[in-house]
Amino acid sequence: MPRVLMIEDDTDINNATARYLRRQGCECVQAFSGTEGRLLWQAGGIDLLLVDLMLPGLSGGELIAEIRRTSQIPIIVLSAKAGLSDKVELLGLGADDYLTKPYQLEELWARILVQLRHASAFPSGEVLRYRDWALNLDELTLTAAGQPVSLTAHEFKIVELLARQPKRVFTKQQIYEAVWGEACAVEDKTITVHISNIRAKLRPSGTDSYIQTVWGIGFKLSEAEARG
């Protein structure tokens, strides 16, 4: 799970962006000033920074310059400044990308994924294999029977959870809490919908039957051979 530090003094923007990133499967740490952001970055464990320019305490530009003296962590600047000179200056200081406010959250997420791939923010290099599945934990990609399968961040985490313990039966609540990191509503149908979507994406590879429904309990991976 990538850990993103969001440094933005506008509470509404900070909270809205953090909620979106968490829905995508990120852990989002929030800071509302440059000074607070520096302290959280110095505490370690951050994979990528989102930095506003106009921050109280320590400006975004000053923070980036300071970080770049010791670290090459990916930094995406989020700012209302849209001038070419502003972009050139920030990229010159060491920012990896620049997004002008107001920004679309989907575009921000796409740019985050690019930076995480470039920085190899998932350093284990592990490929998790289960029968005809190969899950690349660096790239968050799934190959099924030699075919690439396009999954969302949450879908990938569900498949990874099942593949790590293929003989275990997971309840819907356990899957939700493991993937979303929060308590699951009793009647929440999120997991059922996600499993259905994953199976549909796996169907062309003939591996959709790997995910077995254990009626009245939840889901597990089937030990039987897939039937196509």
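# Burial, cores, salt bridges and a sheet

Q: Which residues of helix H3 are buried?
A: Buried means under 20% relative accessible area, exposed over 50%, and partly exposed in between, with a 1.4 Å probe and protein chains only. Seven of the nine residues of H3 are buried, so the helix is largely enclosed by the rest of the structure. The buried residues are Gly60, Gly61, Leu63, Ile64, Glu66, Ile67 and Arg68.

Q: How many helices and strands are in the protein chain?
A: This is a predicted model, in which local features need pLDDT of at least 70, side-chain atom pairs count only at pLDDT 80 or more, and totals for chains, interfaces and linings use all residues. Residues are numbered from 1 along each chain as its sequence is written, and side-chain values use heavy atoms, with hydrogens and water left out. Helices (H or I, at least four residues) and strands (E, at least two) are DSSP runs, numbered from the N terminus. The protein chain has eight helices and 12 strands.

Q: What percentage of the contacts between residues at least 6 apart in sequence join residues at least 24 apart?
A: Of the 228 residues in the protein chain, 47% are buried. A contact means heavy atoms within 4.5 Å. Among contacts between residues at least 6 apart in sequence, the share joining residues at least 24 apart is 55%.

Q: Which element gives the largest share of the largest nonpolar core?
A: A nonpolar core is a set of buried Ala, Val, Leu, Ile, Met, Phe, Trp, Tyr and Cys residues joined through side-chain atoms within 4.5 Å. The largest one has 28 residues, of which Trp133, Leu135, Ile158 and Ile211 touch the most other members. Elements giving two or more residues to this core include strand E7 (133–136), helix H6 (153–164) and helix H8 (190–202). The largest share, six residues, comes from H6.

Q: How many residues are in the second, separate core?
A: Leaving out residues up to four places away in sequence, tryptophan 133 touches a list of residues that includes Leu128, Val159, Tyr210, Ile211 and Leu221. Val51, Leu53, Leu58 and Val77 belong to a second, separate core, whose number of residues is 19.

Q: Which residue forms a salt bridge with lysine 101, with the closest N and O atoms 2.6 Å apart?
A: A salt bridge is a side-chain nitrogen of Lys or Arg within 4 Å of a carboxyl oxygen of Asp or Glu, and the structure holds 10 of them. In this pair, lysine 101 sits in the loop between strand E5 (97–100) and helix H5 (105–119), and the partner sits 93 residues away in the loop between strand E1 (3–7) and helix H1 (11–23). Both residues are buried. The partner of lysine 101 is glutamate 8.

Q: What is the relative accessibility of arginine 38?
A: Arginine 38 forms a salt bridge with glutamate 66, the closest N and O atoms being 3.0 Å apart. Arginine 38 lies in helix H2 (residues 34–42) and glutamate 66 in helix H3 (residues 60–68), so the pair ties together parts that are 28 residues apart in sequence. Arginine 38 counts as partly exposed because its relative accessibility is 24%.

Q: Is aspartate 208 buried or exposed?
A: Aspartate 208 forms a salt bridge with arginine 203, with 3.8 Å between the closest N and O atoms. At 14% relative accessibility, aspartate 208 counts as buried.

Q: Which strands are the edge strands of the open sheet E10-E12-E11?
A: Two strands pair if DSSP finds at least two bridges between them. The three strands of this open sheet follow the order E10-E12-E11, with antiparallel pairing. Each edge strand pairs on one side only, and the edge strands are strand E10 (170–171) and strand E11 (211–214).

Q: Which residue in E12 stands opposite valine 214?
A: E11 and E12 pair in the antiparallel sense over four bridges, and isoleucine 211 has leucine 221 as its bridge partner in E12. The two strands form a hairpin with three residues between them, and glycine 216 in the turn has a positive phi of about 85°. Valine 214 is in strand E11 and is buried, with a relative accessible area of 19%. Opposite valine 214 in E12 stands glycine 218.

Q: At what angle does H6 run to E12?
A: Axes are lines fitted to C-alpha atoms, for helices over the stretch in contact, and angles run from 0 to 180 degrees between N-to-C directions. H6 lies across E10, E11 and E12, and its angle to E12 is about 65°.
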